[in-house]
Amino acid sequence: MNRRDFIQKVGAASVCLQVRGQSRRRVRAGVLGATHSHAAEKIRLLQGSEDYELIGISERSETVRGRFSNVQWMEEREVIEAAEVVFVESDVRDHPRHAVAVLKAGRHVHLEKPASTKSGEMEELARVAREGKLLMQTGYMWRYEPGFEAIFQARREGWLGEVYHVRGVMNNQLAANRRAEWAEFAGGAFFELASHLVDAVVRLMGRPKSVTPVLRSRLGDELMDNNVAVFEFPSGALATISNATHQPNASGHRSFEVMGTNGTMLLKPIEPPLLEVDLASASGRYKGGRQQVEMPEYRRYVGDLKDMAQAVRGGKLAVSLDEELLVQEWLLKASGMG
């Protein structure tokens with residue numbers, strides 16, 4: 001090998017190693033707030049992640065701080081300045097304020113759900129993100145759940161035929177001392193909890209034609225705790241999402257069902273995922289008739305974090321900014337807030 005060929009080969013190997021190093025490098029992450037119900041688990045995942053270096057958390061409440069160990073507490077400004085991506089895990093009312101501060105500082109943002117509380121807030125966040133060529137990801141916990149991924153694939157590939165109805169159930173048994181917290185917003189439990197299924201319905205089916213919310217307080221206080229929303233789509237398809245705060249052992253009854261002219265897919269429970277497929281005729285990876293589909297191991301939030309890390313390194317988020325805007329628009333409408 002002559003000298004020039006040797007130099008070229010060494011140079012090519014060096015570039016290859018740099019690219020590989022970039023794909024493996026840990027992303028500097030910070031957290032604003034730790035009060036959201038998803039915060040504790042996401043912080044634990046960040047602490048143990050090979051994809052992230054958790055540089056610090058900003059949280060003013062001493063009570064909340066006491067829930068965590070081995071954490072570097074910092075001021076809000078310090079977190080934003082030191083991080084490449086900031087996870088907003090604060091109270092819902094603070095989400096838009098925190099997110100716009102992150103984006104205006106030129107940092108990517110993972111924004112906990114619900115992303116905003118008023119019409120126009122999400123549009124402003126999207127505008128700032130686009131101007132800065134920044135990433136914005138909303139923290140809907142089931143976007144990477146394998147049952148939902150299987151349903152979305154079947155919808156894309158047309159394996160279910162023409163989809164004519166989607167039905168979701170998202171209940172819990174809310175402690176009495178948390179009712180005032182959830183009553184802060186007019187959409188109540190639907191806005192707080194059923195938002196996960198609004199995310200799935202809107203991304204699965206596209207822009208609705210209309211939505212009719214029925215929001216009621218079973219106990220007669222300020223919390224809308226017994227709710228239904230009916231979405232209509234241009235194709236004539238319907239989607240219904242029901243949501244209540246009174247169901248014992250509710251997590252086992254949470255479900256998402258998609259019905260098409262060639263069959264049905266039912267995810268129940270959602271966690272751990274149990275998927276049943278019933279097709280009139282074989283399609284895609286599924287045989288005709290009724291069958292249970294084996295699901296891979298699943299843990300909340302792992303997919304969100306991996307998706308954001310690879311996007312920060314130069315990839316692309318699984319959910320586009322346009323989809324984020326569409327979901328938030330119709331969540332507010334379905335919650336009687338838009």
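How many bridges join strand 8 (residues 226-232) to strand 9? The legends below answer this and more. This is a predicted model in which local features need pLDDT of at least 70, side-chain atom pairs count only at pLDDT 80 or more, and totals for chains, interfaces and linings use all residues. Residues are numbered from 1 along each chain as its sequence is written, and side-chain values use heavy atoms, with hydrogens and water left out.

**View 1. Strand 8 and its partners, strands 7 and 9.** Seven bridges join strand 8 to strand 9, and the two run antiparallel. Here helices (H or I, at least four residues) and strands (E, at least two) are DSSP runs, numbered from the N terminus, and two strands pair if DSSP finds at least two bridges between them. Look for valine 230, whose bridge partner in strand 9 is threonine 240, and for valine 228, which has serine 242 as its partner there. Strands 8 and 9 form a hairpin with five residues between them, and glycine 236 in the turn has a positive phi of about 100°. Strand 8 also pairs with strand 7 (residues 210-216), again in the antiparallel sense, over seven bridges. In that pairing, leucine 215 has asparagine 227 of strand 8 as its bridge partner.

**View 2. The two faces of strand 8.** Follow the side chains along this strand and you will see them alternate. Asn227, Ala229 and Phe231 point to one face and are buried. Asn226, Val228, Val230 and Glu232 point to the other face and are not buried. Buried means under 20% relative accessible area, exposed means over 50%, and partly exposed lies in between (1.4 Å probe, protein chains only).

**View 3. Strand 9 with strand 6, and the loop that follows strand 9.** Strand 6 (residues 163-169) pairs with strand 9 in the parallel sense over five bridges. One residue to find is histidine 165, whose bridge partner in strand 9 is leucine 238. Glutamine 247 lies in the loop between strand 9 (238-244) and strand 10 (255-260). With a relative accessible area of 21%, glutamine 247 is partly exposed. Glutamine 247 and asparagine 172 are 75 residues apart in sequence, yet 5.6 Å apart in space, C-alpha to C-alpha.

**View 4. An open sheet of five parallel strands.** The strands come in the order 2-1-3-4-5, and the pairing is parallel. Strand 2 and strand 5 (136-138) stand at the edges with a single partner strand each, so one side of each is left without a neighbour in the sheet. On average, neighbouring strands of this sheet are turned by 20° against each other, direction ignored; axes are lines fitted to C-alpha atoms, for helices over the stretch in contact, and angles run from 0 to 180 degrees between N-to-C directions. Strand 4 (residues 108-111) and strand 5 run parallel and are joined by three bridges. Across this pairing, histidine 110 stands opposite glutamine 137 in strand 5.

**View 5. Aromatic rings in pairs.** The structure holds six aromatic pairs. Rings of Phe, Tyr and Trp (its six-membered ring) pair if their centres lie within 6.5 Å; planes under 30 degrees apart count as stacked, over 60 as edge-to-face and the rest as tilted. The rings of tyrosine 52 and phenylalanine 87 have centres 5.7 Å apart and planes at 80°, so this pair is edge-to-face. It links distant parts of the chain, with tyrosine 52 in strand 2 (residues 52-58) and phenylalanine 87 in strand 3 (residues 85-88), 35 residues apart. Tyrosine 52 is buried at 0% relative accessibility, and phenylalanine 87 is buried with a relative accessible area of 1%. For tryptophan 142 and phenylalanine 148, the ring centres are 6.0 Å apart and the planes are at 15°, so the pair is stacked. Ring pairs link Trp142, Phe148 and Phe256 into a cluster.

**View 6. Helix 9 and its kink.** Helix 9 (residues 188-205) has 18 residues, which at 1.5 Å a residue should span 26 Å; its end C-alpha atoms are 24 Å apart, which agrees. The expected span is 1.5 Å times one less than the number of residues. A kink of about 60° is centred on alanine 194; the bend at a residue is the angle between axes fitted to the seven residues ending there and the seven starting there. In helix 9, 18 of the 18 residues are buried, so the helix is largely enclosed by the rest of the structure. Just after helix 9, glycine 206 takes a positive phi of about 90°.
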